[in-house]
Amino acid sequence: MFMCMANIGNVDAAFSNLTTIPFNQGYSPLFGDGNLVRSPDGKGVRLLLDRFTGSGFISSNLYNHGFFSANIKLPSDYTAGICVAFYTSNADVFEKSHDELDIEFLGNTEGKPWRFQTNIYGNGSTNRGREERYRLWFDPTRDFHRYSILWTPQITVFYVDDVPIREVVRREEMGGDYPSKPMSLYATIWDASNWATSGGKYKVNYKYAPFVAEFKDLVLDGCPADPIQQIPAAEACAEKNALLATQDYSVITPQRRAAMRRFRLRYMYYSYCYDSLRYPVPPPECVTIAAEKARFKDTGRLKFGGSHKRQSKRRTRNRNRVLPDSDVTPY
């Protein structure tokens with residue numbers, strides 16, 4: 001089922017020299033303390049979901065831009081209804097105008113692969129979801145793979161290993177829809193039975209519990225910021241943000257851009273930019289690529305196979321968002 005994609009991954013060795021930190025130096029439990037198990041070396045954690053609770057952790061600081069990364073291994077076998085999320089947010093501070101950058105892994109029935117989606121919100125723009133959905137070219141349950149979010153004042157880039165899979169360039173027309181306020185880093189595993197698999201058709205089956213997601217080699221490279229400080233975060237973090245922009249992972253080289261193009265042509269199966277029923281006029285950050293657009297119907301889904309419906313769901317920590325259904329058969 002998983003194709004050999006040597007020309008997708010292993011673009012370069014840029015991510016082999018990242019500075020990681022022990023869990024206790026940068027993070028703390030968020031919920032489900034008993035289901036958060038620290039590794040013996042202190043460099044990682046296991047997040048468990050059982051019939052009583054999920055679990056999660058949060059960064060000790062909020063950051064005004066940064067690079068957030070972890071090696072993650074997902075639960076195997078029957079994982080329908082499960083969502084494993086790695087994301088930044090400030091919803092606890094700005095309840096009605098929060099910013100958010102998401103990587104969400106969506107479980108499946110036994111024998112079918114995990115899928116995942118990325119999303120971006122600014123200033124509470126949850127009614128203008130900017131989600132994309134993808135398959136992977138490997139089995140994310142067999143070994144650890146690195147997933148990363150780069151967030152700068154100019155661009156946001158999502159990475160799988162060293163492959164950039166999505167780039168959002170800030171444009172003036174986006175206004176407050178581009179995240180700009182300090183955010184924390186979160187990682188969670190939780191029961192999303194009402195939407196995650198086939199629009200809620202397949203629920204979490206706790207016969208297979210506990211479900212375990214593993215996180216290690218954690219990276220927090222950004223400017224810690226107080227969201228209510230008197231000095232604007234942009235001023236306080238100007239030097240750190242300038243340094244962030246010079247890091248190797250902040251530069252999309254021609255080789256990386258070619259790898260991103262190959263990934264999106266082969267593994268992206270929904271993009272809001274090509275969903276003309278939802279957005280007759282594409283949002284301002286969308287860049288139409290003819291080869292990508294040719295693969296999709298006006299619903300933003302692939303021309304061959306799959307389904308796309310709108311379904312509301314409740315995110316962890318009681319936050320509502322409206323997302324299209326994620327049940328697409330990407331073959």
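Is Cys223 buried or exposed, and what is its relative accessible area? Cys223 is buried, at a relative accessible area of 9%. The views below come from a predicted model.

**View 1. A disulfide joins Cys223 to Cys237.** The two sulfur atoms sit 2.0 Å from each other. Cys223 belongs to strand β14 (residues 211-225). Cys237 falls in the loop between α2 (233-236) and α3 (238-246). The partners are 14 residues apart, and the pair links distant parts of the chain. The torsion about the S-S bond is about -75°, so this disulfide is left-handed. Cys237 has a relative accessibility of 1% and counts as buried. The cut-off for buried is under 20% relative accessible area, and Cys223 has 9%.

**View 2. Cys273 and Cys286 form a disulfide.** Their sulfur atoms are 2.0 Å apart. Both Cys273 and Cys286 lie in the loop between β15 and α5. The separation along the chain is 13 residues. The S-S torsion is -85°, and the link is left-handed. Cys273 is buried at 14% relative accessibility. Cys286 is buried too, with a relative accessible area of 15%. A search of the whole structure gives two disulfides. Counting bonded cysteines along the chain, the pattern is 1-2, 3-4.

**View 3. Glu285 and Arg130 meet in a salt bridge.** The closest N and O atoms are 2.4 Å apart. Glu285 is in the loop between β15 (268-271) and α5 (290-293), and Arg130 is in the loop between β8 (115-121) and β9 (132-134), so the contact ties together parts that are 155 residues apart in sequence. Is this pair buried or exposed? Glu285 is buried, and Arg130 is buried as well.

**View 4. Four charged residues are linked in a network of salt bridges.** The members are Arg128, Arg130, Asp177 and Glu285. The bridge between Glu285 and Arg130 shown in View 3 has an N to O distance of 2.4 Å. A search of the whole structure finds twelve salt bridges.

**View 5. Glu132 pairs with Arg166 in a salt bridge.** The N to O distance is 3.8 Å. The cut-off for a salt bridge is within 4 Å. Glu132 lies in strand β9 and Arg166 in strand β12 (residues 163-169), so the pair ties together parts that are 34 residues apart in sequence. Glu132 and Arg166 are both buried.

**View 6. Arg257 forms a salt bridge with Glu167.** The closest N and O atoms are 3.0 Å apart. Arg257 sits in helix α4 (residues 254-267), and Glu167 in strand β12. The two are 90 residues apart, and the pair links distant parts of the chain. How accessible are the partners? Arg257 is partly exposed, with a relative accessible area of 34%. Glu167 is also partly exposed, at 26% relative accessibility.

**View 7. Cys83 is a buried cysteine.** Its relative accessible area is 0%. For the disulfide cysteines, the values are 9% for Cys223, 1% for Cys237, 14% for Cys273 and 15% for Cys286.

Notes: Residues are numbered from 1 along each chain as its sequence is written. This is a predicted model: local features need pLDDT of at least 70, side-chain atom pairs count only at pLDDT 80 or more; totals for chains, interfaces and linings use all residues. Side-chain values use heavy atoms; hydrogens and water are left out. A salt bridge is a side-chain nitrogen of Lys or Arg within 4 Å of a carboxyl oxygen of Asp or Glu. Helices (H or I, at least four residues) and strands (E, at least two) are DSSP runs, numbered from the N terminus. Buried means under 20% relative accessible area, exposed over 50%, partly exposed in between (1.4 Å probe, protein chains only). A disulfide is a pair of cysteine sulfur atoms within 2.5 Å.
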